[in-house]
Amino acid sequence: MRATPVPEFMLEPAFNPNSDAGTSREAVGLGSAAAKGLDVRHGTILTLEGINVSFDGFKALTDLNLYIGVGELRCIIGPNGAGKTTMMDVITGKTRPDNGHAYFGETLDLTQMSEVEIAQSGIGRKFQKPTVFEALSVFENLELALKTNKSVWASLRAKLSGEQKARIDEVLATIKLESSRQRPAGLLSHGQKQFLEIGMLLVQDPQLLLLDEPVAGMTDAETEFTAELFKSLARKHSLMVVEHDMGFVGSIADHVTVLHQGSVLAEGSLAQVQADERVIEVYLGR
Ligand SMILES: Nc1ncnc2c1ncn2[C@@H]1O[C@H](COP(=O)(O)OP(=O)(O)OP(=O)(O)O)[C@@H](O)[C@H]1O
Ligand SMILES: [Mg+2]
């Protein structure tokens, strides 16, 4: 049952879909170098085509087309209820589309893979609320994330290889938690927990990272650090970042997709989409 009321903008007449929106494959890919073991010969790491999702007759995604290039840092913006989180649910196998194509690289059909298979194939997702193990240390949290195929206790007992230790140290430096490595995660600030959770994704070296509202609840300094972090991750990884904080989006994005009513309304630089009258009407002008 849907308890959420339909937002006002959804009751407005449908807008003309932008004929260019969501159809450009060449925009920001960096070639086929960054991804390993994944077939990205056309420079596209993620392909969503004609995706439809409905919940009890309510269409959350409507003929959605979206392409992410290898090494790209893409920001997704759009009003509440636009379908941003649902799109991530489709990519990670949590929600199955009614129809449409969802491919990771050229050959992995995400609609046919389990959530676990999708995660193991190299798609990491961070939810809004941090889900770290509060009683365990920062280091142990990263250790667990690295050894996902074992139970908690089996993982903590199994010895780390030198390579695995080095990887954790590298990630600790990336997320600036080196000096907190032995602290229980429950004692970290909200922002630090978010960084730890990003670190838990990074130890697995995913090729595509999905980040849903990563800076919500962060201080200005933490938001700035997140921007630097994401910029440093791009190219080596591909990132899809959903965020409402336009200052943050402006500081990281070279390419922005605006979702509205389950479809792409506009795509381009932040300046381009901010100047788009339909975008102003449904989102930015509120
Ligand atoms: N499991 C579900 N069952 C029923 N309706 C759902 C379900 N998941 C999402 N919806 C509806 O689908 C629409 C899209 O939701 P979604 O969470 O994807 O939006 P969003 O763009 O992430 O919004 P926000 O910016 O508020 O996070 C909303 O109207 C939501 O109520
Ligand atoms: Mg959402």
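How many helices and strands does the chain have? The chain has 10 helices and 10 strands, where helices (H or I, at least four residues) and strands (E, at least two) are DSSP runs numbered from the N terminus. This is a predicted model, in which local features need pLDDT of at least 70, side-chain atom pairs count only at pLDDT 80 or more, and totals for chains, interfaces and linings use all residues. Residues are numbered from 1 along each chain as its sequence is written, while chains are lettered from A and ligands numbered from 1 in the order in which they are written.

**Figure 1. The whole chain and its confidence.**
Let us begin with the overall picture. The mean pLDDT of the chain is 86, and 84% of the residues reach 70 or more; pLDDT is the predictor's confidence in each residue, from 0 to 100. Please treat the start of the chain with care: over residues 1–35 pLDDT stays under 50, and there the model has 61 contacts beyond four places in sequence. Two residues are in contact if their C-beta atoms, placed from the backbone, lie within 7 Å. Among contacts in the chain with a separation of 6 or more, 69% join residues 24 or more positions apart. Of the 286 residues, 42% count as buried. A residue is buried if 20 or more other C-beta atoms, placed from the backbone, lie within 10 Å of its own, exposed if 12 or fewer, and partly exposed in between.

**Figure 2. The surroundings of ligand 1.**
Here we visit the ligand. Its shell holds 12 residues, of which F55, N80, K84, T85 and T86 come nearest; a residue is near a molecule or strand if its C-beta atom, placed from the backbone, lies within 6 Å of it. Helix α1 (residues 84–91) gives the largest share of this shell, 3 residues. By type, the shell around ligand 1 divides into 3 nonpolar, 7 polar and 2 charged residues. In this count Ala, Val, Leu, Ile, Met, Phe, Trp, Tyr, Cys and Pro are nonpolar, Asp, Glu, Lys and Arg are charged, and the others, Gly among them, are polar.

**Figure 3. Strand β1 and the segment before it.**
L48 has its place in strand β1. L48 counts as buried because 22 C-beta neighbours lie inside 10 Å. Leaving out residues up to four places away in sequence, L48 touches L64, N65, L66, G100 and A102. L48 and H101 are 53 residues apart in sequence, with 5.7 Å between their C-alpha atoms. In the segment before β1 (44–55) you will find H42. H42 has 17 C-beta neighbours inside 10 Å, so H42 counts as partly exposed. The C-alpha atoms of H42 and G105 are separated by 8.6 Å, although the two residues are 63 apart along the chain.

**Figure 4. Helix α6 and its packing.**
Does the length of this helix agree with expectation, and what surrounds it? The 13 residues of helix α6 (residues 190–202) should span 18 Å at 1.5 Å a residue, and the end C-alpha atoms are 19 Å apart, which agrees. The expected span of a helix is 1.5 Å times one less than its number of residues. Helix α6 is mostly covered, with 11 of its 13 residues buried; among them are F195, L196, I198 and M200. The buried residues of α6 pack against β6 (123–126), α3 (138–146), α5 (162–174) and β7 (208–212).

**Figure 5. The largest nonpolar core.**
In soluble globular proteins, nonpolar side chains tend to be buried together. The largest nonpolar core here has 74 residues, and those with the most contacts inside it are I91, L142, L196, V241 and V258. A nonpolar core is a set of buried Ala, Val, Leu, Ile, Met, Phe, Trp, Tyr and Cys residues joined through C-beta atoms within 7 Å. V241 touches L73, C75, I76, L211, P214 and F230, not counting residues up to four places away in sequence.

**Figure 6. Two residues with positive phi.**Most residues other than glycine have a negative phi. K176, in the loop between α5 and α6, has a positive phi near 55 degrees. K176 is partly exposed, because 14 other C-beta atoms lie within 10 Å. E213 is found in the loop between β7 and α7 (220–233), and its phi is positive too, near 50 degrees. With 18 other C-beta atoms within 10 Å, E213 is partly exposed.
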